Amino acid sequence: MSEHDVERRFKDLPVEEQRAFLASMGEPWRDYDPIQPSGTNWKRVLERIWAPVAALIGIAVKFGFLIFKFFGIFISVGAYALIWGWKFGVGFVLLILVHEMGHFVAAKLQGLDVTLPMFIPFVGAYVLIKNQPRDPWHNSLIALAGPAAGSVAAAACWAAAGDSQLLMALAYAGFLLNLINLFPAGWFDGGAVYRAFQLARRTRSGAAVPIGVLYIGLIVLLVAAMWATHVPQHRL
């Protein structure tokens, strides 16, 4: 008879006979089954861990855009501060913010549905216009409003600089940033202006000339401002 059979037959006995048998063997009576040691149930452990992890992943996917929308500016400050120090990082991000607010205000003045600026560290920021106008003049005004506002912000740093190399460096960086954005290709503001200019020429809307004048004039001013605010290396 196996040990399993003995245990099964013992459990089939009435409680009083079980007590008497154990007493004769010098064993204590227990009215419960003793806890048997067992190995870790990794399947159950993983099931318990997976539920909260899956919930966190779901929240991150669902609300990740909110993190960038509301905290992206602070993440950007931290990212730039790691390279150039926190003072320059804050100033540089504020220059980007003013640039994007230029687009935002110009779109709002036209009655368009536009989002607040959203920041992506080391890339920049952007606004989304859900009902973008199709006429070249208004498109070019929105595209040029960003570099124009950013240039004003950089000029304010220049005017307030005095002997401050930090503000002078921010002014130069601001002028450079907005000049780069006027590059006439791709997703740059200059690309949007170039496409609006070409559309104005094809449709003969009469907006081609003022668009060209504003575009070239802003480039000339930015180049001149960069030349004036350049900080020689021996002064750093």
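**Exercise 1. Work out the handedness of the α5/α7 crossing, then its geometry and its contacts.**

Start with the hand: α5 and α7 cross left-handed, meaning the near helix is turned anticlockwise from the far one by less than a right angle. A quick word on the source: this is a predicted model, where local features need pLDDT of at least 70, side-chain atom pairs count only at pLDDT 80 or more, and totals for chains, interfaces and linings use all residues. Residues are numbered from 1 along each chain as its sequence is written, and side-chain values use heavy atoms, with hydrogens and water left out.

Next, the geometry. The axes of α5 (residues 136-161) and α7 (residues 189-203) come within 9 Å and cross at roughly 160°. The two helices are therefore roughly antiparallel (angles over 145 degrees).

Now the contacts (heavy atoms within 4.5 Å). From α5 come P136, N139, S140, A143, L144 and P147, and they meet D189, A192, V193, A196, L199 and A200 of α7. Sorted by type, that's 9 nonpolar, 2 polar and 1 charged.

**Exercise 2. Place L144 in the nonpolar packing.**

First, find the core (buried Ala, Val, Leu, Ile, Met, Phe, Trp, Tyr and Cys residues joined through side-chain atoms within 4.5 Å; buried is under 20% relative accessible area, with a 1.4 Å probe and protein chains only). The largest one has 28 residues, and L144 is among those with the most contacts inside it, as are F92 and V193. Two or more residues each come from α4, α5, α6, α7 and α8, with α8 giving the most, 7.

Then list the partners: beyond its neighbours within four places in sequence, L144 touches L182, V193, L214, Y215 and L218.

Terms used:
Axes are lines fitted to C-alpha atoms, for helices over the stretch in contact, and angles run from 0 to 180 degrees between N-to-C directions. Helices (H or I, at least four residues) and strands (E, at least two) are DSSP runs, numbered from the N terminus. Angles under 35 degrees count as roughly parallel, over 145 as roughly antiparallel, 65 to 115 as roughly perpendicular and the rest as oblique. Ala, Val, Leu, Ile, Met, Phe, Trp, Tyr, Cys and Pro count as nonpolar, Asp, Glu, Lys and Arg as charged, and the others, Gly among them, as polar. Buried means under 20% relative accessible area, exposed over 50%, partly exposed in between (1.4 Å probe, protein chains only).
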